[in-house]
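Please open the model in your viewer and keep the sequence panel at hand. The tour below moves from one selection to the next and says what is to be found at each stop.

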Amino acid sequence: MDNVIGLEIIEVVEQAAIASARLMGKGDKNEADHVAVEAMRQRMNQIHMRGRIVIGEGERDEAPMLYIGEQVGICTQEDAAKYCNPDELIEIDIAVDPCEGTNLVAYGQNGSMAVLAISEKGGLFAAPDFYMKKLAAPVVAKGHVDINKSATENLKILSDCMNRAVEDLVVVVMDRPRHKDLINEIRTAGARVRLISDGDVSAAISCAFSGTNIHALMGIGAAPEGVISAAAMRALGGHFQGQLIYDPEVVKTGLIGESKEGNIARLKEMGITEPDKVYNAEELASGQTVLFAACGITPGTLMEGVRFFNGGARTQSLVISSQSKTARFVDTIHMFESPKNIQLR
Ligand SMILES: O=C(COP(=O)(O)O)[C@@H](O)[C@H](O)[C@H](O)[C@H](O)COP(=O)(O)O
Ligand SMILES: [Mn+2]
Ligand SMILES: [Mn+2]
């Protein structure tokens with residue numbers, strides 16, 4: 001799987017990032033999202049694969065493109081027989097977030113990316129459109145920190161594992177009212193907090209790379225983004241745990257329905273009978289092979305954003321493979337027409 005589509009998925013995230021970056025700073029988050037979705041879908045449908053979207057655009061809003069359950073790849077099209085013998089290809093599941101951080105793009109802020117994760121059929125947890133409590137930490141802390149422990153305890157463990165003072169740790173937390181107590185606790189324990197308005201996939205994955213000055217992600221973000229983060233962390237060997245949050249009281253938004261009971265029933269219908277289960281990266285991305293690809297839209301901790309020039313653009317992507325055990329940073333020059341000049345750096 002890795003060899004067949006590894007290179008092509010770079011182009012999928014690149015095309016989505018370029019399209020969305022055109023809308024950077026224009027104040028229109030829906031359009032920034034929409035063009036990324038269209039570009040991602042178009043490029044994906046040129047790949048010789050039998051893909052199925054398991055995490056995509058809106059479970060509830062019946063999105064017209066990259067919706068959950070959509071078949072993607074040239075070998076799923078009506079005229080597939082012209083291009084390939086579908087029986088020779090393994091079926092793969094795909095989780096996408098064509099524009100992760102739509103607000104960041106719309107307001108020209110750092111940290112947005114086009115991102116996806118791929119595995120064999122059944123290899124990615126089909127997370128419902130709920131929230132997820134997350135804990136991400138570096139490789140050395142894997143299996144030592146625990147989402148069931150308090151932030152204070154985890155910071156002490158992290159400090160021991162990383163051989164650095166708690167005061168030297170930086171924890172990313174989403175800037176939301178639901179995190180008021182968590183933020184106070186982290187600060188009281190002595191660590192420093194980096195508040196982000198959006199984009200917790202980048203924050204989670206940054207924990208696995210030393211030099212990012214991000215040592216943990218704590219708090220509640222969206223569940224689909226949790227699975228995408230887990231796919232990267234599984235391949236990188238970093239720590240990731242996630243627990244579904246289905247109680248509207250906990251997240252303090254009306255975005256997940258009105259009652260906890262109703263949500264438990266919805267989860268049951270989806271086959272999730274243990275709603276409080278804590279999932280680790282290997283359970284959220286359980287496939288034998290897991291591929292992750294992201295391309296920066298605006299500049300971020302891990303990647304540069306899209307830089308346009310006269311006749312082209314330059315992008316930076318990150319492709320992680322559990323099979324080849326590689327994390328590749330890919331720097332690409334895209335020549336749209338005859339560029340007047342291509343800069344080396
Ligand atoms: O920031 C995010 C928004 O993602 P997107 O809609 O694709 O631009 C994600 O990184 C977060 O994980 C998550 O979606 C967010 O925490 C949930 O939204 P909110 O209710 O505002 O906290
Ligand atoms: Mn997102
Ligand atoms: Mn998105």
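Which residue in S7 does Val172 stand opposite? Select Val172 and look across to the neighbouring strand: the residue opposite Val172 is Arg194 in S7.

Before going further, note that this is a predicted model, in which local features need pLDDT of at least 70 and side-chain atom pairs count only at pLDDT 80 or more, while totals for chains, interfaces and linings use all residues. Residues are numbered from 1 along each chain as its sequence is written, chains are lettered from A and ligands numbered from 1 in the order in which they are written, and side-chain values use heavy atoms, with hydrogens and water left out.

**The sheet**

Select strand S6 (residues 170–174) together with S7, and you will see them pair in the parallel sense over five bridges; strands are DSSP E runs of at least two residues and helices are H or I runs of at least four, numbered from the N terminus, and two strands pair if DSSP finds at least two bridges between them. Widen the selection to the open sheet of six strands, whose order is S7-S6-S8-S5-S9-S10, with mixed pairing. Strand S7 (192–196) and S10 stand at the edges with a single partner strand each, so one side of each lacks a neighbour in the sheet.

Now add helix H4 (residues 151–162), which packs on the sheet and touches S5, S6 and S8 (contact means heavy atoms within 4.5 Å). The direction of H4 makes about 140 degrees with that of S8, where axes are lines fitted to C-alpha atoms, for helices over the stretch in contact, and angles run from 0 to 180 degrees between N-to-C directions. Helix H7 (residues 223–236) also packs on the sheet, touching S5, S8 and strand S9 (239–245), and its direction makes about 25 degrees with that of S5.

**The aromatic pairs**

A search of the whole structure finds two aromatic pairs, the ring centres of Phe, Tyr or Trp (its six-membered ring) lying within 6.5 Å, with planes under 30 degrees apart counted as stacked, over 60 as edge-to-face and the rest as tilted. Select Phe125 and Tyr279 for the tilted pair, at 4.7 Å centre to centre and 35 degrees between the planes. Phe125 lies in the loop between strand S4 (113–120) and strand S5 (131–137), and Tyr279 in strand S10 (residues 278–280), 154 residues apart. Tyr279 is buried at 8% relative accessibility (buried is under 20% relative accessible area, exposed over 50%, partly exposed in between, with a 1.4 Å probe and protein chains only).

Finish with Phe209 and Phe329, an edge-to-face pair at 5.8 Å centre to centre and 65 degrees between the planes.
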